[in-house]
Amino acid sequence: MPRHVLFPAVELEENVPRIVKIGGRSIGVLKVGEQIYAMRNTCPHRGAPLCLGRVAGTMVASRPGEYSYDPELLKIRCPWHGYEFRLDDGEPIADAIGMRVKMYEVAVEAGELVLYS
Amino acid sequence: MTVIEQAERTSPSERTSPSKPTQLGLIDCDVHPYFTTGVRELCDYMEPAWQHRLGLDHAERAGNAAHGVPAFTLPANFLYFDEDASFRRDASRAGEMPGSDPVFTAEQLFDGYAIDRGILVSGNMLGLGALVEPDQAAVIASAYNDWMIERWLRVDTRYRGALVVAPQDPIQAAAEIERVGDVPGMVSVFLPLLNVAMGRQHYYPIYEAAERHGLPIQVHPSGTEGVFVTGPPMVQVPAYKIEYRTMFPHVHQANLISMICHGVFERYPKLIFIITEGGFAWLPDLMWRLDASWKALREEVPWVTKLPSEYVRTNVRLTTQPFVEAPQAADVAAICKLVEGERTLMFSSDYPHFDFDDPRRSLTALPEQQREAVFSKTAIEVFGERLL
């Protein structure tokens, strides 16, 4: 798996995505709480810059008339058409969306943020 | 793509543009400019008495926030909460109102997507038809038109304007078409929707003036449907935005049927009616149903002298956004064929709204033989030399 050293980990501010280019691909690195995520910065639907989307918990499927909010199930919501994808694995919140976002393994090694593609 | 040579401008010094397009390959029929800070920006284009009447003339009246009382606002339905407020989140610099900076908009939209012309349909005026006081609506429409001319049309040569009229008083609306209809850059009349069906006599002075000036009538969802008594009714009051947005076509279907059956296109045969953001996949069924009904009930409306669908072909155009998203591309192509897209459809992006259509990504299923017409040729036929 190719290893890419990105930038010092301390530079990554919480909730402020950093966009990097790797092999011509735009990839967003995002820190939420203590967790760092890396994903393709291109929505699989219509190509919007996905990492400009809002990160929040999720309204999970529920019975009619009831709202069930899961603040732990983090998702990013596309800044254009509102499609939602899980931050942990890039899968769509609703299966019927039928498309997923490519996620990348990311780690802090010797103070540097490292991405494996 | 259609190639037509750029005509010399009569007043090039008034306008600046980073590049002078020499051909029109892509025309966007639905771009929404917004106020930067709010309706008070219209004060510069309004008599002091009207500024005072609307409470826009000094800060404490315009804000009044200390008492929780909102300032004067234009009708718009804020009942359906959406966390991103219906805008593309990248359509402005941080902290600014999306679609409020004509330079940023030109760079992001025109440069970003190789769009040669964009028609400005005011985002703030969409619900003007639901204002209850006709004179107030007419004053605001005039002020907006002057605002758009000065702050947008003069900034970049690729902008074109849909002049707004207030539909409440058709005489004042016709006068506004006289006043600004031939200002360079104006290409259509944007008619905010009202709770009066569009085939009714109420509108005839507006249609007459628009036809005489060679300006199409452009309509758009208003943000007032179903919840403002004076806005256009829906067949039921939607509780959720998902219902509301999906029901947009109903209003346009009702108005199109009304216009054809009342003989609007017999009275004003050169008038072009543009349905903006109303969908289009429904059109074949409407044409077939109306034709079948006409064959049985023609005697009731004898002024409809030909098959109703013929008026659609000659006088009605529809914009593409939000483009059909069917699971199979072949089904999208089939719908475009049934709609006769090479004749009826014109590209639109709806920038800066959240359901923006990227011309390179959203219309891939459009049949190849319709692309040139949809992206530019039909708009050039409809708007004519005003686009050049």
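This briefing covers selected features of chains A and B. The model is predicted. Chain A has zero helices and nine strands. In chain B, strand β4 has five of its five residues buried. Cis peptide bonds precede B:P322 and B:P352.

**Chain A overall**

- The order of elements from the N terminus is β-β-β-β-β-β-β-β-β.
- Chain A has a radius of gyration of 15 Å, which agrees with the value near 13 Å for a compact globule of 117 residues.
- The C-alpha trace spans about 50 × 30 × 25 Å along its principal axes.
- Of the 117 residues in chain A, 42% are buried.
- Among contacts in chain A with a separation of 6 or more, 39% join residues 24 or more positions apart.

**A:C43, a loop residue**

- A:C43 sits in the loop between β4 (35-40) and β5 (54-60) of chain A.
- A:C43 has 1% relative accessibility, under the 20% cut-off, so A:C43 counts as buried.
- Leaving out residues up to four places away in sequence, A:C43 touches A:A48, A:L50, A:C78, A:F85 and B:R361.
- A:C43 and A:M99 are 56 residues apart in sequence, and their C-alpha atoms are 9.4 Å apart in space.

**A:Y116, a strand residue**

- A:Y116 belongs to strand β9 (residues 112-116) of chain A.
- A:Y116 is buried, at a relative accessible area of 16%.
- Its contacts, not counting residues up to four places away in sequence, are A:M1, A:P2, A:R3, A:Y104, A:E105 and A:E109.
- With A:E109, the side chain of A:Y116 also makes a polar contact of 2.5 Å.
- A:K31 lies 85 residues from A:Y116 along the chain, with 17 Å between the C-alpha atoms.

**Strand β4 of chain B and its partners**

- All five residues of β4(B) (residues 186-190) are buried, so the strand is largely enclosed by the rest of the structure.
- Strand β3 (residues 159-164) of chain B pairs with β4(B) in the parallel sense, over four bridges.
- The chain passes from β3(B) through helix α5 (residues 170-180) to β4(B), in a right-handed β-α-β crossover.
- Within this pairing, B:V164 stands opposite B:F190 of β4(B).
- β4(B) also pairs with strand β5 (residues 217-219) of chain B, in the parallel sense over two bridges.
- B:V189 has B:I217 as its bridge partner in β5(B).
- A right-handed β-α-β unit is made by β4(B), helix α6 (residues 204-212) and β5(B).

**Helix α5 of chain B**

- The buried residues in α5(B) are B:P170, B:A173, B:A174, B:E176, B:I177 and B:V180.
- These residues cover an arc of only 155 degrees around the axis, so they lie on the same side of α5(B).
- The elements that cover them include α4 (134-153), β3, β4 and α6 of chain B.
- At the N-terminal end of α5(B), B:D169 acts as the cap, with a side-chain oxygen 3.0 Å from the backbone nitrogen of B:I171.

**B:Q51 in helix α1**

- B:Q51 is part of helix α1 (residues 48-53) of chain B.
- B:Q51 counts as buried, at 16% relative accessibility.
- A polar atom of the B:Q51 side chain lies 2.9 Å from the backbone oxygen of B:C43.
- Apart from residues up to four places away in sequence, B:Q51 touches B:C43, B:M46, B:L56 and B:D57.

**Backbone features in chain B loops**

- The B:Q321 to B:P322 peptide bond is cis, with omega near -5 degrees.
- B:P322 lies in the loop between β7 (316-319) and α12 (329-338) of chain B.
- The B:Y351 to B:P352 peptide bond is cis, with omega near 5 degrees.
- B:P352 is in the loop between β8 (345-346) and α14 (368-383) of chain B.
- B:D350 is found in the loop between β8 and α14 of chain B.
- B:D350 is a residue other than glycine with a positive phi, near 70 degrees.
- B:D350 is buried, with a relative accessible area of 0%.
- B:E340, in the loop between α12 and α13 (341-344) of chain B, has a positive phi near 60 degrees.
- B:E340 is buried, with a relative accessible area of 16%.

Methods
Residues are numbered from 1 along each chain as its sequence is written. Chains are lettered from A and ligands numbered from 1 in the order in which they are written. This is a predicted model: local features need pLDDT of at least 70, side-chain atom pairs count only at pLDDT 80 or more; totals for chains, interfaces and linings use all residues. Side-chain values use heavy atoms; hydrogens and water are left out. Buried means under 20% relative accessible area, exposed over 50%, partly exposed in between (1.4 Å probe, protein chains only). A polar contact is a pair of N or O atoms within 3.5 Å; within protein, one must be able to donate a hydrogen and the other to accept it, and residues adjacent in sequence count only if both atoms are side-chain atoms. Contact means heavy atoms within 4.5 Å. Two strands pair if DSSP finds at least two bridges between them. A crossover is right-handed if, with the strands pointing away from the viewer, the path from the first strand over the helix to the second runs clockwise. The arc is that of the directions from the helix axis to the C-beta atoms. The radius of gyration is taken over C-alpha atoms; the globule rule is 2.2 Å times the number of residues to the power 0.38.
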